[in-house]
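These are my notebook entries on one protein model. I looked up its pocket, its nonpolar core and one of its helices.

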Amino acid sequence: RPPVNANGFAVAALLAPGMALTIFFIGPGLADPSIAPGDIGRLIGSFLFLLLIVSFWGALPSLIFGGLVLAVIQRMPWRGRPTALVFLVGGVVAAGLYMLTGFATAGLSPGVAMFFAPWATDLGAPGANGQDWWLVSSLLLAGAAAGLIYAAFAKRG
């Protein structure tokens, strides 16, 4: 059974919140490119500020849910090392578990959800303008990307 690459896991887990924000921020802009040239500076400033907040806020859940799934992957009886596809699916599962936990917590106590999944309190809110789909997609895609990043580290040993 190959050992866990702790540094690789930390890098992948800590990059995941920023990747989710980047996908969420850029995705709708690519789908609806109606941004005026004067808005670019404001958008970059907003993005960088949000990146700082999201990276800080999302680090612990990413480490927890990613670590949980990685522990399950490590305990499974593999012939050789797990493949990149296994880690990709594991990243999506970790993101999905995070999302389900966020939804459940927001349904029970929006105040508690604000501590680890503030996005869950706004999901389905009036005026979301179809952003819910982008939010869910960005979290799942970031989980997949984090799984692939970890796979690259795990492949090296």
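I first fixed a term: a residue is buried when its relative accessible area is under 20%. I also noted that the model is a predicted one.

Entry 1, helix 2. With that cut-off I listed the buried residues of helix 2: Phe47, Gly58, Ala59, Pro61, Ser62, Phe65, Gly66, Val69, Leu70, Ile73 and Gln74. I then looked up the course of this helix and found a bend of about 40° at glycine 58. Proline 61 follows within four residues.

Entry 2, the largest pocket. I recorded a volume of about 940 Å³ for the largest pocket. Its lining has 45 residues, and Pro17, Ala20, Tyr98, Trp119 and Leu139 lie nearest the centre. Which helix gives the most to this lining? I found that it is helix 2, with 12 residues. Helix 1 (6-31), helix 3 (84-108), helix 5 (119-122) and helix 6 (131-156) are among those that each supply at least two. Sorted by class, the lining holds 34 nonpolar, 9 polar and 2 charged residues.

Entry 3, the largest nonpolar core. I counted 28 residues in this core, of which Phe87, Tyr98, Ala117, Trp119, Leu139 and Tyr150 touch the most other members. Helix 6 contributes the largest share, 7 residues.

Entry 4, tyrosine 150. I looked up what this residue touches, leaving out residues up to four places away in sequence. Its contacts are Pro3, Val4, Asn5, Gly8, Phe9, Ala12, Leu70 and Phe87. Leu70 is also one of the buried residues of helix 2.

Technical notes: Residues are numbered from 1 along each chain as its sequence is written. This is a predicted model: local features need pLDDT of at least 70, side-chain atom pairs count only at pLDDT 80 or more; totals for chains, interfaces and linings use all residues. Side-chain values use heavy atoms; hydrogens and water are left out. On a 1 Å grid over the protein atoms alone, a cavity is a set of points where a 1.4 Å probe fits but cannot get out, and a pocket is an open set with protein on both sides within 12 Å along at least five of seven lines; lining residues have an atom within 4 Å of a point. Grid points are joined across faces, edges and corners, and a volume is the space filled by probe spheres set on the points. Ala, Val, Leu, Ile, Met, Phe, Trp, Tyr, Cys and Pro count as nonpolar, Asp, Glu, Lys and Arg as charged, and the others, Gly among them, as polar. A nonpolar core is a set of buried Ala, Val, Leu, Ile, Met, Phe, Trp, Tyr and Cys residues joined through side-chain atoms within 4.5 Å. Buried means under 20% relative accessible area, exposed over 50%, partly exposed in between (1.4 Å probe, protein chains only). Contact means heavy atoms within 4.5 Å. The bend at a residue is the angle between axes fitted to the seven residues ending there and the seven starting there.
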